Amino acid sequence: MSKDEAAPLLASAKPGNGSDRDDAHEPIESTPLLASTSATPTYDGSDPQTGRDDASIRSGQSRTSTTHSTGKKSRRWPSFIAMGVLACVAIAILILAFIVPEAVQEYAQQAAVIEPTSLSIDSITTDGVRARVQANFRLDGARVKNDHVRRIGRASTWVANQLGSDEAKIDVYVPDYDNILLGSAVIPPLVVGLRDGTTTYFDFVADIRPGNVEGLRAIANDWLDGKLDRLSLNGKTDLNLKSGLIPLGIHTISETLVFEANNIPAIPKYNITRFHVKDGPLKGSMLVDVSLSAFNEYPVELDIPELAFDVMVPGCAQTDPFITVAEASTGKIHVEPLSDVSANVYGVIHELPDSLTRVCPDSSSSPLDLLLKQYMHGEPATLFVRGSNRPDGDTPKWIADILASVVVPVPFPGRTLDGLIRDFSLTDVHFTLPDPFADPDDPEASPKVSGNILVTASLPSEMNFGINVTNVRATADVIYKKKKMGELNLRKWQHANSTRVEGENDDGPSLKIESRIIDAPLNITDSDVFGDVVQALLFGNEPIRLDVHALVDVKVETALGELILKEVPADGKIPVKPLPSGAIGHIDPQIGSLKIVDSSLDSITIQALVNVTNPTPYTAYIPFANVHLVANDSILGDGTIQNANIRAGNNTNLLVTATWSPAKGSPHSRRIGRDLISQYISGFNTSITVKPHLNTIPGQRVLCKALSRFNATFAVPKLHLPGDLPGDNNTRFIRDATFHFLSSTATFTLVSPLQFNTLYLDFVNATAFYNHTEPVGRILYDLPFAAPPGKSQTPRLPVEWSIGSVGYDAVRRAIGGELELDARATVRARLGNWKESLWYQGSGIGASVHLA
């Protein structure tokens, strides 16, 4: 290679280059083929040769004419011909040197069309890859907008025809990252056709070697973090060029390409086509089998060797190191241009590290909880993948070093667990009413529910490992007809057990979970909806369905140990059977004993042991409940029950406290109350209505508002008095009477239902009748006498006979015998401080008539 061949392809052309040559035999190649600084902008973007092309052309023409004229007389015709050819070549060189380069460069930039057709990795070497590049190159003059540039460019490239290069090494640097070496490629000799429309087909193999690994890591991390707004790449090479047989020397070329963020390739989107997890062969391990597919949108073909990775999850804070949870490896992957690519990934999960399950500071969740929460709510859970420090033996070290230096976030698509619950049932239900004395924030201040829960949950087909549910807890919204009724808060862990059931036909496997919940607080949030539920239970014929939207915490045992899955969404339906038809009538209250515990002038408080029948399948515990006792729409008193356990079937000796205080009701309440007692002791069929009110359960306004919509009317229970025969419902407080004819007195046998208190009668005004309408006599007595518990005999009460009446004659005829009489009386009764005037009507009273 000559000294002058080392001149740049686009070298600077200085004025006077042609006139400095004194030796006529010195090679003409010392002048650059395409020389002009107009083609090489300075750092500030200015063009130092602007406006000088015309002067250069005139200077060249002048010099050429001078040479021709000096030898005109002394040359022969062959010399003239040679001189003419040399003159044309010189003129062409001068034109190319001073006028053409800038236009040619602009033409080349606009007309060049490069069409990559294929890029494939021929082989992976110990220090890089051998890539096969296939592309088409041509110059298309039609793409050039300037007519002047188009004509010059087409003429120049037609003259040059071809441009060739020797083997070259291209180094690529990144100016924005301390000008680190990104990589290098060795390009074999190439020849390019320059004529307009001529297509050159490239098919060559290039050796590509990676550059600075730390630099690659910095660029990759900025790209993955979204901090890479633009990327500048600067390529440098020394090209040894020639056009045909004419060497053009070695030229240093430096070109910078800028990629904006939207033009930088992104991680391809992928689909998970298979995801299986199963127990591993070793204790405390699981195996994961994943298949991925992605579309390769580039004309690139390569074979990726087996690679090993560490799969990690984030720690509690962004500054915490990643937590390695699994080791994964891929099989060999063949990538074809512009087509789908499939990859199989195999992973092994060993025992979970403590840092993964440990609760984070100032939080109630661990890194595992946060990851599973995202996954189970259908949100992409981000995993992080890094090349393993222990690569497979066939993986070249340079690949392992690059992969180990970069952490790639991999979105793992979440899966909503909608439809996970197949069946949800609640049996052996037990209700506990709120404790009125508990603090408002205390769980005891809410109604509570206990029962057996049976859940059948579908298992995802990809879960092929053993799992056992040991404990559950939950918070749930209870919905009735798309309206929220209340909230069920099961804050304490409840024991559970589970059984895996394999599916039949097309059904997948399921998990049968059983648990006994005890005293789960039920907070009623909408009294109207709760009232609708109670109404449907009391008066409906069809089972009602309560929808439950729950977030469940589940403790499970797996091969990896015990895990807690938090806030697993679960939806289910609880069928609730209505009360049997006529259930209210089957309650059948019976009073065992009565005791007066307090009294005032117009009120009396009674304690009674009551027997009732619970005809429903539900049980309840009542800490405290108070209801109004109502008759004819008038409040006559109230009843209270405390600490009562209501079981299914018969319930005996329930302590009930009732306060009789009609005077506190409406103006007519006292009369209504007096008539009710009078009717009762006279043996009439009487009933009383039990009605909840807004303070039935103190502190539970919402619950009480719902209950106050309902009432239940019961027949006043018959009292079983001493001497009553079994099955005798015709209870009489006056068992018999004895009339003393000559003394005109009468005594009566009374039976008191009170076992601990004495009833006093302060005044009696009574009339006896024969045959229902014929008066016998009248008793008017205003001295108090007692009716102690059990049977008692009244003192002799004076009788004023109805002489001459049919009734009197009947009594006279019955002396020494018996007859049946009716009685009507008005009495003033007294119990403690309570006093009331009552009336009594009795019939069929057996009366003995004595002479004396």
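In this predicted model, Arg709 is partly exposed at 35% relative accessibility, where buried denotes under 20% relative accessible area, exposed over 50% and partly exposed the range in between (1.4 Å probe, protein chains only). Local features require pLDDT of at least 70 and side-chain atom pairs count only at pLDDT 80 or more, whereas totals for chains, interfaces and linings use all residues of the predicted model. Residues are numbered from 1 along each chain as its sequence is written, and side-chain values use heavy atoms, with hydrogens and water left out.

The side chain of Arg709 meets that of Asp532 in a salt bridge, with an N to O distance of 3.3 Å; a salt bridge is a side-chain nitrogen of Lys or Arg within 4 Å of a carboxyl oxygen of Asp or Glu. Because Asp532 belongs to helix α9 (residues 527–539) and Arg709 to the loop between α11 (701–707) and β33 (712–715), the pair ties together parts 177 residues apart in sequence. Helices (H or I, at least four residues) and strands (E, at least two) are DSSP runs numbered from the N terminus. Asp532 is partly exposed, with a relative accessible area of 33%.

The whole structure contains 15 salt bridges. One of them joins Asp147 to Arg150, the closest N and O atoms being 2.8 Å apart. These two residues are three apart in helix α4 (residues 147–160) and are therefore separated by about one helical turn. Asp147 is partly exposed, with a relative accessible area of 41%, while Arg150 is buried at 19%. Arg500 and Glu502 also form a salt bridge through their side chains (2.9 Å, N to O); Arg500 is partly exposed at 33% relative accessible area, and Glu502 is exposed at 53%. Asp477, Lys484 and Glu487 are linked in a network of salt bridges.

Strand β23 (residues 483–501) includes Gln494, which is buried at 8% relative accessibility. A polar atom of the Gln494 side chain lies 3.3 Å from the backbone nitrogen of Ile518. Excluding residues up to four places away in sequence, Gln494 touches Thr470, Asn471, Val472, Ser515, Arg516, Ile517 and Ile518, contact being defined as heavy atoms within 4.5 Å.

The largest nonpolar core comprises 70 residues, and those with the most contacts inside it are Val469, Met485, Ile544 and Leu546. A nonpolar core is a set of buried Ala, Val, Leu, Ile, Met, Phe, Trp, Tyr and Cys residues joined through side-chain atoms within 4.5 Å. Strand β25 (residues 544–558) supplies the largest share of this core, seven residues. Contacts of Ile544, not counting residues up to four places away in sequence, are with Tyr480, Val533, Ala536, Leu537, Ile574, Pro575 and Val576. Another core, of 64 residues, lies apart from the largest one and has Ile591, Phe785, Leu821 and Leu838 among its members.

An open sheet of eight strands follows the order β18-β17-β13-β14-β16-β11-β10-β21, with mixed pairing; two strands pair if DSSP finds at least two bridges between them. The edges are occupied by β18 (407–412) and β21 (463–464), each of which has a single partner strand, so one side of each is left without a neighbour in the sheet. Within the sheet, strands β10 (residues 270–279) and β11 (residues 286–296) run antiparallel and are joined by nine bridges, Tyr270 having Ala294 in β11 as its bridge partner. Helix α7 (residues 367–376) lies across β13 (307–313), β14 (323–330), β17 (381–387) and β18, at about 120° to β17. Helix α8 (residues 397–404) lies across β13 and β17 and runs at about 145° to β17. For these angles, axes are lines fitted to C-alpha atoms, for helices over the stretch in contact, and values run from 0 to 180 degrees between N-to-C directions.

Side chains alternate along strand β40 (residues 797–801): Leu797, Val799 and Trp801 point to one face and are buried, whereas Pro798 and Glu800 point to the other and are not. Strand β35 (residues 745–752) runs antiparallel to β40 and is joined to it by two bridges, with Ala746 opposite Leu797. Strand β37 (residues 774–781) pairs with β40 in the antiparallel sense over three bridges, and Arg778 has Glu800 as its bridge partner in β40.

Methods. Polar contact = N/O pair within 3.5 Å; in protein donor to acceptor, adjacent residues only side chain to side chain.
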